[in-house]
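Reader: Could you walk me through a protein model, starting with its charged pairs? I'm new to this, so please keep it simple.

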Amino acid sequence: MRRSVSVSQHAVLASALLLLLVIAPTRGAQEQAAPPLVLDLQRLLFETDRRDIQDPVWELTPAVGKQFVLVPFTVNPVERKTEIARPPINLRGGRFIGFMVPEPTDQGASFESPIDFAMFTDQTPGALDRLLFTPSEEEGWQDGPGFFDPSFSDDEFSDEGFPDPGGFDIDDPDGFGEEAFSAKPPRLAKKIYLEADGSVRWGMERSIASAELRPGSEQNLYPFKLDSAMLREKEPPRAERLTRNDGESSREFAERRRQQQREHRAKVDEFRALRDALRELPEQFSEPSPAVIYAVVEVREGEGLSLQGPPPMPWKLADADRELLARAAQLGGRGGNGQRQVMAGLGRLAGSRHAVDAQAAALAVLKGGFADAVEENDPSFQLISKLLVSDDPTARRIAVYAVARAQTPTRATARLLEIAGQAATGGDREVLRLAALRSLFAIELANAEGTNYLVQQVNLALADPEGPAASRVLEELLRAVGGSGAHGDFESTNRVRVVLINRLNFAAIPEDQTDAVIEAVLRQAPGNDVAAGWLDVRLLRSDNPARVTRTLELLGRAEVVPPISEAIVRAFESLIFSVPLNDEPAPDDGTLRLPGRIAMASTNHGLARALESAEANQQELAWAALRHFRVTPAENGSFGINGSDSAIKAFESILGRGMDLDATPATLVDFVDNHAGTEVGEAAALGMLRLLTDPDIDPAVARLAAERIVGSRLAFEQVLTGLAPTQQLTVVNALYTQLRGDVPLVAGLIAEPGGGLSRWFAQRLAAGELPTGRQWAAQLGGPTAGGEQQLLRWAASEDPNTASAAAAALASNAGGTADDQQRFAQAVAAMTDRTEESVGQAWSALRTRLYSQALADAAGSYKLVVTLTETDNGFSEFDLSGGQGGTPAKRIDLGTVELKASGTSISLSAASIRVAVSPDRLAIRLQSLASLRTLNNPGLAGLPLSQLDQPLDLVPQEDGAWTGTTQLPDGRELGVALEPAG
């Protein structure tokens, strides 16, 4: 009969409290290598369902009057092989049995949130601030540093590989039966080894104290491997000597003997297979490092646990207290049977002069969620109050944490935090008062009638020189209010915002905290309506001129997070709304960085007032700060700008004021550009064009506008296409003059209504590109005869600008240089009889010369290549420029030829292949494809080249090749290419 070993829950809980006796390393301490095994407080205290020690091989039985305690340890990485022969713990009177490596599926499946105990023991400055205001992952508890620094042996051991201990299945090699052997290795070992690769290794033990082998079976062979006597019992005895029965014929007797021999031989074969399987079983095992490893310790029952060591030891925990803590952690403060006894017991521990007693009570309060249902002056309130004024700082911090992390803040939790603050000293006092305010904010914002009381308390906190920093108070209030979201419907949410914006008394903030408050507001103003309102009403419209000036100074020095990475913006938003800003390190250069633009949602905005200030310095500072703002209609018009029309008017008013100044401020360009993608986007695009083209604008500002237009997200396409042709030309001329110094002649065609160039040009600008003259020409005329006809018609225009631009486009598309374009444009302009025919004649002569010149420049050695591509239904998927479809092309290399150019004619060194300059476009015209046969290449055999009676143009590619394609009568695609031989 299998026996299970009961592990006393009392002993487990008692062992858990052991780690409270050891001082955890503080966060401020010098970093040290983590010990390989760290006692796991969380599992010891709260893992209540592990009552049996189940090992596939060993069955443990405690001695009379004793019990087993499972002590869990988490495993830290090691830099080298490390032997662990003893657990890093000393239970007085206990005996170490061995380590248990749990199955991979059994590593704390029922275990709840871990607790970083070190965060409660950390007494360094700012530790309590981090504890309360830095949210842990999913608002839960974090794993932290260990509680024991164990002594261990780091002796080197064999490099011999340890086989994988996973389920070891052995099939019958001789096929003597359907059943196969299997083996599950032992999980108990007297020592374990930690490897640098993160694995844990252990060996098979021949004996373990207080343990017996389980019976061996085909399902687990390891007991047979460990116990030869158990194996011998499986060995089949000699076959019984048979005698002939009375009346049994000799034939029947012989058959019975044969049957006996067959059965005996099968048993012998099965035993041999078992023995062979045992020889193959590994004796060393390895697994990836598990989440937890247990030390099995045998201790006496009923005597409690006595622990010796450095302060706060010695300490003894009675069995009754173990049960009390377990019940408290499960029962919490929610009532039920035994609640009175639990509260009385925890109260006794909380008032104990021994530090660990108070810490144990505080942990039970935290784990049991006592603060979640606490009410003023109820038993839970009295218990937590006692812990909050405990002599032990760790117990106090655990209790504070439990209250601060209550699921729903209440007046009771706020009152408890006030009690904690009153009992605290130094920096902790300020932190706790801030935590109490955080709780108050959450309570009152959820209360429709609580806004007045909230404002009263905030104003008291802002004016209190002994209270939390005013910037921290405002940050916590903003965190509670949220960004542009709402508590409830719009009307109630807007009412709260208006009250918070208009009734907070910024004038009462101590003068030495002004900068910190302004910076806190500025950081959050881009994403929070209330912060933006404070900036507008309480700072920029302050009755204190010095405060207005200082706000403008800090705004002028601030920088916006570059929009190159949304991840950076999200990181800033996380900092703003999740953690107190003052707790974050300042940028290395000391610059205040804003996570976006600030909404100017009022026609009477404080910045708009400052732009017209009678004080010259303040006005100058306001224009410098303008780059951080954009005009935005408030939600439902709640703050003064009612809809897009009013927003556009407000925008145009500011733009007009800036352009009317004697010296146009450069920040006006930033302000205009801030409106990309907003309701004011088209007005802003038009405004940017005004800054570019207005003759009275400072040239430096016009150049800055030009630089900003290229790549801007403003709506230039809609605006530019709506301008008159002459205005479009003015914009183009200004852009090229500012950024390139000269304007491509071809760009003059933007004023031609039939060209459609204004939309194309705006799209190029949005892509961050100022097109070259060649790009303009290619967009309009293209390298085809049809495109040239349109350009010829424009070149014959009576308008001199259009004629010159079209002439330049013709020359550009033929490969002409800027000088070629200029000369042809001048020639066309000088014609007394400028008709389409006369321009065409002049162009024909120039085109031939330009094409010949381009081909002369291209003269040299080339590989002549033919490609053949199979196509579906006669449609090729092959592109000679380098791409190919689903069917690879067959490549036929015809050798190297020399391209020669002389005057207006060209030729190949393979004289039988006739080429000429294409009259229609820049191309090498292959006069006859059939002439390729003269090269006598076998790859061309069978190709119906003689049926192709049309010439083939080879056009230039970016890689220097000249390529062309045509279709064979059978539907295949034939490609011809001249590829540079060098």
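Reader: How many salt bridges does a search of the whole structure find?

Author: This is a predicted model, so local features need pLDDT of at least 70 and side-chain atom pairs count only at pLDDT 80 or more, while totals for chains, interfaces and linings use all residues. Residues are numbered from 1 along each chain as its sequence is written, and side-chain values use heavy atoms, leaving out hydrogens and water. A salt bridge here is a side-chain nitrogen of Lys or Arg within 4 Å of a carboxyl oxygen of Asp or Glu. Searching the whole structure on that basis gives 33.

Reader: Is E248, the partner of R256, buried or partly exposed?

Author: R256 and E248 form a salt bridge, with their closest N and O atoms 3.0 Å apart. Buried means under 20% relative accessible area, exposed over 50%, and partly exposed in between (1.4 Å probe, protein chains only). R256 has 28%, so it's partly exposed. E248 has 12%, so this one is buried.

Reader: Which helix holds both R550 and E553?

Author: Their side chains meet in a salt bridge at 3.0 Å, N to O. Helices (H or I, at least four residues) and strands (E, at least two) are DSSP runs, numbered from the N terminus. The two residues sit three apart, so about one helical turn separates them, in residues 545–557, helix α20.

Reader: Which residue in β13 does F99 stand opposite?

Author: Two strands pair if DSSP finds at least two bridges between them. Strands β5 (residues 95–100) and β13 (residues 293–300) pair in the antiparallel sense over five bridges. Opposite F99 in β13 stands A295.
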